[in-house]
Amino acid sequence: MRSIDLASRSGNALRRALQTQHLRCATQTRAVSSAASVLNPTYQKLYNKYTDVRRVLGDRRLTLAEKILYSHLDNVEESLLSNTNNGRDIRGQANLKLKPDRVNMQDASAQMALLQFMACNLPQTAIPASIHCDHLIVGERGADDDLEAGIKTNHEVFDFLESAGKKYGIDFWPPGAGIIHQTVLENYALPGLMMLGTDSHSPNAGGLSTITIGVGGADAVEALVGAPWELKAPKILGVRLTGKLNDWVAPKDVILHLAGLLTVRGGTGYIVEYFGPGVETLSLTGMATACNMGAEIGATTSIFPVTDASIRYLKSTRREQAAKDVNTLQNFSSQGSAEDAYFRFKADEGAQYDELIEIDLSKLEPHINGPFTPDLSTPLSEFRKTVQEQEWPEKLSAGLIGSCTNSSYEDMTRVESLVKEAEKAGLKPAADFYITPGSEQIRATLERDGTLETFTKAGGIVLSNACGPCIGQWKRQDNVEKGAANAIFTSYNRNFRGRNDGNPGTMNFLASPEIVTAMAFAGSTTFNPMTDSLTTPDGKEFRFSAPHGLEGPETPFEQGKEVFKVLSQPPNPDAEVVISPTSERLAFLEPFEPFPSSDLSGLKVLVKITGKCTTDTISAAGPWLKYKGHLPNISENTLNTAINAETGEVNVAYDLDGSKHTIPELAKRWKAANRPWLVVAEHNYGEGSAREHAALQPRYLGARIIVCKSFARIHETNLKKQGVVPLTFASEADYDKISAGDEVATVGLYEMLQNGGKGEVSLKVTKKDGSGEVLIPVKHAVSKDQAGFILAGSALNLLSKGL
């Protein structure tokens with residue numbers, strides 16, 4: 001990790017941080033000097049904080065997640081002992097003020113994050129950071145053609161990101177280098193680190209025992225300027241693994257099964273911590289897959305302990321010294337020989353979990369999840385029957401493997417064994433077959449070892465090292481009409497309606513790469529490769545053998561083409577970050593107005609939404625990604641796939657005079673008329689990605705409140721950071737008492753914000769139909785700091801002033 005001259009930075013937050021640091025140093029000198037003689041600087045800092053945590057909490061048994069998370073607190077005593085019954089009720093209660101080790105940003109979200117960071121007028125970031133150009137490349141014809149077209153189309157954005165990296169000393173991974181989560185796993189993730197990532201699947205790094213949390217851009221900026229980052233202390237959901245996976249079962253099936261058990265809301269407010277003897281049987285990349293998709297159950301993050309596979313992975317990615325450092329840390333103590341004096345990358349014996357789930361890997365079977373939601377989980381043995389009962393398409397249109405979730409060497413070599421066997425029998429995929437390498441390192445190694453050649457000889461199309469179809473960057477070649485029902489199988493992590501190709505009729509079924517590949521050869525959604533046969537061109541029956549592959553390459557990974565290597569440099573204050581005033585892609589941010597000095601009144605309900613309302617619903621990706629750095633332009637898509645609860649129409653809202661509009665059109669009309677508004681919605685509002693634009697866009701258009709039955713964690717935080725107040729119904733039945741066009745005034749909201757998040761809030765609703773008024777009690781989860789953000793108009797309004 002690069003060093004930062006903190007003394008050269010400006011701002012009150014920095015000065016306070018330095019003063020606090022000097023005070024603590026006086027009490028930690030002996031431990032520091034002892035640790036410094038043995039541990040590297042990163043682990044020295046971690047260990048010293050860990051001893052502070054042990055001092056404060058005594059002999060309390062800690063989970064692995066708690067060890068790492070609490071060891072990144074800015075002030076251990078303040079966070080763990082404030083409003084926690086003297087440290088006995090930390091989980092779900094404490095507001096943790098954390099100091100992450102680094103921030104990682106993908107190109108779509110980095111634009112807005114950097115625009116906000118630039119408004120803070122600092123010469124460099126307080127902690128290391130990286131930019132990864134992975135979201136803006138459209139998958140169509142193949143890697144070379146797609147990458148060339150992507151660079152040509154998006155050069156303005158890539159140039160902006162690269163120049164910002166040069167100016168502020170941020171690592172820049174160019175287009176084609178790889179998907180953020182795979183690149184981070186290969187280069188930055190280390191056991192014991194804490195990272196923030198501006199993407200919901202950032203917890204992928206938890207496979208390497210790293211606490212990594214998906215956040216919005218404003219959260220990232222907090223960390224980048226050196227301010228403590230706040231998180232409500234998560235509860236811990238333990239998943240105990242026993243047994244060993246059978247031949248057709250992959251690590252992906254663990255999280256597919258878990259998603260079915262917990263649903264898309266079941267992990268909200270929890271860290272998922274895997275443990276047990278079954279963990280030792282999994283590869284490192286298999287563990288990362290399970291952590292990656294933990295986002296689909298709403299988990300704050302997921303984590304595995306360090307195993308032998310972790311050390312093998314560090315060595316295969318040319319990080320032998322890191323492997324040695326991990327071993328040194330686990331065997332170091334400056335506090336005597338008691339077990340608690342050692343930092344072990346596993347839970348303490350006797351540590352308690354808030355919830356516990358046991359999974360016997362030896363009894364697990366392949367699962368298929370979908371369509372339209374990642375928690376609709378069906379065992380493979382029951383899938384044919386389910387397809388027929390639900391009248392889902394039996395013809396498979398395409399099979400897509402790879403992505404950040406499943407593009408490891410193990411995944412691809414297991415698939416290779418199936419493809420080679422089918423090729424030997426004379427079979428080709430009966431459906432379009434796409435392969436997305438997760439990084440240039442993976443691609444180059446698979447090319448070196450002949451795996452990619454196996455795929456292309458079979459008719460597979462190898463796409464660029466980018467997100468591509470997984471996030472909607474896919475230009476299909478099979479002429480499926482928009483709206484037409486069709487089925488695809490993918491090894492991706494998310495499958496919301498219309499997500500992959502913009503077609504609401506496309507049903508994306510999530511599965512392991514092995515199952516996806518077998519289905520692609522069959523061209524059928526009802527095929528079961530464990531029991532069914534295919535007919536070869538010469539009329540013989542063919543049945544797949546169980547897949548097999550290698551955990552990692554026999555020699556270290558290839559580093560790939562020079563052009564895709566990271567650009568890493570110290571900050572250059574002379575570097576210019578230029579944004580054209582006529583740009584359609586990038587625009588400087590104007591500050592939002594502060595909260596009024598009173599309760600809100602005269603708000604109108606813009607639209608009442610029914611059903612799933614994800615961040616894709618609020619701010620669509622796909623072709624809209626090109627406007628991620630231009631708030632006025634991207635706001636044109638706000639809520640454009642939301643379902644109107646009162647009419648059943650998609651993207652339709654009605655003005656007070658009865659005129660019909662799209663939802664973003666009406667929001668723009670009301671913004672122009674200076675008419676503030678709110679949205680009413682159901683459960684898990686904002687489910688899905690860490691997409692900050694889903695909070696920025698409504699705020700820009702005039703939203704002041706979102707009231708719903710429940711929120712997804714990241715989105716709820718993003719709303720507060722942009723000055724929008726997230727409220728939930730105290731009684732879910734009250735959802736039925738409020739309608740589009742009703743007038744709303746808040747009762748107690750301003751007082752609650754003035755009191756640092758303490759106090760009760762209600763909504764006084766005046767019915768549009770003249771039937772009178774109704775008072776609706778609502779709940780909130782606003783902390784003291786968040787109340788400050790909302791009153792100021794946004795977090796950026798405070799951070800830009802150094803407050």
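Let me start with Thr242, whose bridge partner in β11 is Asp360. That pair belongs to the contact between strand β8, residues 235-242, and β11, two strands that pair in the parallel sense over 6 bridges. Please keep in mind throughout that this is a predicted model, and that what I describe is read from its coordinates.

The strands β8 and β11 are part of an open sheet of 4 strands, which has the order β10-β9-β8-β11 and parallel pairing. Its edge strands are β10, at 301-303, and β11, at 355-360, and each of these pairs on one side only. From one strand to the next, the twist averages 20°. Helix α9, residues 251-262, lies across β8, β9 (270-275) and β11, and it runs at about 135° to β11.

There is another open sheet to look at, and here 5 strands are arranged in the order β4-β3-β2-β5-β6, again with pairing that is parallel. At the edges stand β4, residues 171-173, and β6, residues 211-214, each with a single partner strand, so that one side of each is left without a neighbour in the sheet. Neighbouring strands of this sheet are turned against each other by 20° on average, with direction ignored. Within the sheet, strand β2, residues 102-106, pairs with strand β5, residues 194-197, in the parallel sense over 3 bridges, and the bridge partner of Asn104 in β5 is Gly197.

Across this sheet we find helix α8, which lies over β2, β3 (129-132) and β5 and runs at about 145° to β2. The helix α8, residues 217-224, also meets helix α22, residues 713-721: the two axes come within 8 Å and cross at roughly 70°. An angle from 65 to 115 degrees counts as roughly perpendicular, and that makes α8 roughly perpendicular to α22. Which residues make the contact between α8 and α22? On the α8 side they are Ala218, Asp219 and Glu222, and on the α22 side they are Thr717, Asn718 and Lys721. Sorted by class, the contact of α8 with α22 has 1 nonpolar, 2 polar and 3 charged residues.

Let me turn to the cysteines. How many disulfides does a search of the whole structure find? The search finds 0. For Cys404, the closest cysteine sulfur is in Cys470, at 5.6 Å, which is too far for a bond, given that the criterion asks for two sulfur atoms within 2.5 Å. Cys467 is likewise in no disulfide, and the nearest cysteine sulfur, that of Cys404, is 6.5 Å away. As for their surroundings, Cys404 is buried, with a relative accessible area of 7%, and Cys467 is buried as well, also with a relative accessible area of 7%.

Burial is also the point to make about helix α21, residues 693-701, where 8 of the 9 residues are buried, so the helix is largely enclosed by the rest of the structure. The buried residues of α21 are His693, Ala694, Ala695, Leu696, Gln697, Pro698, Arg699 and Leu701, a list that includes the charged residue Arg699. Just after α21 comes Gly702, which takes a positive phi of about 120°.

That brings me to the backbone, and to a few residues whose torsions you may wish to inspect in the model. Phi of Asn85 is near 55°, a positive value in a residue other than glycine. Asn85 is found in the loop between α4 (76-81) and β1 (95-98), and it is partly exposed, with a relative accessible area of 42%. Glu391 has a positive phi too, of about 60°, although it is not a glycine. Its place is in the loop between α13, residues 380-390, and β14, residues 396-402. Is Glu391 buried or exposed? At 69% relative accessibility, Glu391 counts as exposed, the cut-off for that class being over 50%.

The last backbone feature concerns a peptide bond, the one from Gly370 to Pro371, which is cis, with omega near 5°. Pro371 has its place in the loop between β12, residues 367-369, and β13, residues 377-379.

Notes
Residues are numbered from 1 along each chain as its sequence is written. This is a predicted model: local features need pLDDT of at least 70, side-chain atom pairs count only at pLDDT 80 or more; totals for chains, interfaces and linings use all residues. Side-chain values use heavy atoms; hydrogens and water are left out. Two strands pair if DSSP finds at least two bridges between them. Axes are lines fitted to C-alpha atoms, for helices over the stretch in contact, and angles run from 0 to 180 degrees between N-to-C directions. Contact means heavy atoms within 4.5 Å. Angles under 35 degrees count as roughly parallel, over 145 as roughly antiparallel, 65 to 115 as roughly perpendicular and the rest as oblique. Buried means under 20% relative accessible area, exposed over 50%, partly exposed in between (1.4 Å probe, protein chains only).
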